[in-house]
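Here are some exercises to work through with the model open beside you. Try each task before you read its solution.

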Amino acid sequence: MNFTASKQPESCLLGPESDSQRTLYPYVTVTSVVALKYKDGILMAADMGGSYGSTLRYKSVERMKPIGKHSLLGASGEISDFQEILKYLDELILYDNMWDDGNSLGPKEVHNYLTRVMYNRRNKFNPLWNSLVLGGVKKGEKYLGTVSMIGVNFEDNHVATGFGNHLARPILRQEWHENLSFEDGVKILEKCMRVLLYRDRSAVNKLQIAKITEEGVTISQPYSLKTYWEFSAFENPTQGAVGSW
């Protein structure tokens with residue numbers, strides 16, 4: 001008797017969901033982005049660490065990108081989903097440029113587009129696992145906004161994602177003012193990033209600061225902050241903690 005198995009069509013073996021890919025769990029993730037308005041434009045800061053699960057695997061992840069002529073985008077969350085968002089934005093900017101009408105998308109339009117993309121993907125139960133910060137300057141008007149992975153969005157004078165939303169925003173609320181100079185803005189961002197380095201296990205002491213003005217986008221070379229680790233709470237963190245291990 002011949003027991004040769006009948007050959008199943010490949011589509012039956014793969015199942016109906018074979019052509020549908022989702023980020024079911026974020027694998028390579030990046031942490032906080034902090035941004036603020038200053039007198040000439042927008043300043044944004046982010047470190048360069050990338051975590052594979054709980055392992056701080058990558059140390060040179062760049063996640064602030066210029067978008068078109070007037071916008072700067074920073075992202076925390078899943079790196080592959082951020083790359084997908086950059087593909088969407090490349091197509092958007094290309095389509096806008098093809099009109100060749102002398103106009104170009106400003107930061108407000110790009111931010112509104114991102115809010116629709118994130119909310120649309122959330123409604124499909126297939127979210128892009130990112131929190132985004134979009135800043136820019138067009139015709140002398142500064143714009144800074146953020147959008148979460150489920151489409152929650154707002155505009156403000158300073159924004160932060162991830163742990164920065166809890167640890168950096170209090171510093172920004174206390175020290176930000178409307179006529180902030182470039183040097184003072186950088187000092188505030190470095191102070192925020194130093195606090196995040198002390199308190200966020202996913203942060204690394206290698207960061208970039210970007211600025212966008214009417215002249216365009218400038219992203220600094222990576223550099224490290226001066227830190228101090230001799231605080232008694234760092235040397236013996238469980239001292240006095242009731243019930244600690």
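**Exercise 1.** Place Asn-153 in its strand, and decide whether Asn-153 is buried, partly exposed or exposed.

*Solution.* Step one: Asn-153 belongs to strand S10, residues 153-155; strands (E, at least two residues) and helices (H or I, at least four) are DSSP runs, numbered from the N terminus. Before going on, note that this is a predicted model, in which local features need pLDDT of at least 70 and side-chain atom pairs count only at pLDDT 80 or more, while totals for chains, interfaces and linings use all residues. Residues are numbered from 1 along each chain as its sequence is written, and side-chain values use heavy atoms, with hydrogens and water left out.

Step two: the relative accessibility of Asn-153 is 34%, so this residue is partly exposed. The cut-offs are under 20% relative accessible area for buried and over 50% for exposed, with partly exposed in between (1.4 Å probe, protein chains only).

Step three: look for neighbours. Setting aside residues up to four places away in sequence, Asn-153 touches His-111, Thr-115, Arg-116, Thr-146 and Val-147, where contact means heavy atoms within 4.5 Å. His-111 is 42 residues away in sequence, yet the two C-alpha atoms are 9.0 Å apart.

Step four: follow the side chain. That of Asn-153 reaches the backbone oxygen of Gly-151 at 2.9 Å.

**Exercise 2.** Which residues does Asp-96 contact beyond its neighbours within four places in sequence?

*Solution.* Begin with the setting: Asp-96 is part of helix H2, residues 79-98. With a relative accessibility of 14%, Asp-96 counts as buried. The contacts are Asn-103, Ser-104 and Leu-105. For Leu-105 there is a further detail: its backbone nitrogen lies 3.1 Å from a polar atom of the Asp-96 side chain. Finally, the C-alpha atoms of Asp-96 and Gly-68 are 9.4 Å apart, with their positions 28 residues apart along the chain.

**Exercise 3.** Find the side chain with which the side chain of Ser-76 makes a polar contact.

*Solution.* Go first to strand S7, residues 71-78, where Ser-76 lies. Ser-76 is buried, at 5% relative accessible area. Its side-chain partner is Thr-161, at 3.0 Å. A polar contact is a pair of N or O atoms within 3.5 Å; within protein, one must be able to donate a hydrogen and the other to accept it, and residues adjacent in sequence count only if both atoms are side-chain atoms. Leaving out residues up to four places away in sequence, Ser-76 touches further residues, including Val-33, Arg-63 and Trp-129.

**Exercise 4.** In what order do the five strands of the open sheet stand?

*Solution.* Trace the order S11-S2-S3-S12-S13, with antiparallel pairing; two strands pair if DSSP finds at least two bridges between them. At the edges are S11 (158-160) and S13 (216-219), each with a single partner strand, so one side of each has no neighbour in the sheet.

Now move inward. S2 (residues 33-38) is joined to S3 by six bridges, and the two form a hairpin with two residues between them. Here Val-33 has Ala-46 as its bridge partner in S3. Six bridges also join S3 (residues 41-47) to S12 (residues 207-213). On that side, Met-44 stands opposite Ala-210, and Ala-45 is partnered by Ile-209. To finish, check the accessibility of S3: seven of its seven residues are buried.

**Exercise 5.** How many aromatic pairs does a search of the whole structure find?

*Solution.* The search gives nine. Rings of Phe, Tyr and Trp (its six-membered ring) pair if their centres lie within 6.5 Å; planes under 30 degrees apart count as stacked, over 60 as edge-to-face and the rest as tilted. Take Tyr-25 and Tyr-27: the centres are 6.0 Å apart and the planes stand at 80°, so this pair is edge-to-face. Both Tyr-25 and Tyr-27 are exposed.

Next, try Tyr-228 and Phe-231, which are also edge-to-face, at 4.9 Å centre to centre and 85° between the planes. Tyr-228 is partly exposed at 44%, and Phe-231 is partly exposed at 40%. These two belong to one aromatic cluster with Tyr-198, Trp-229 and Phe-234.
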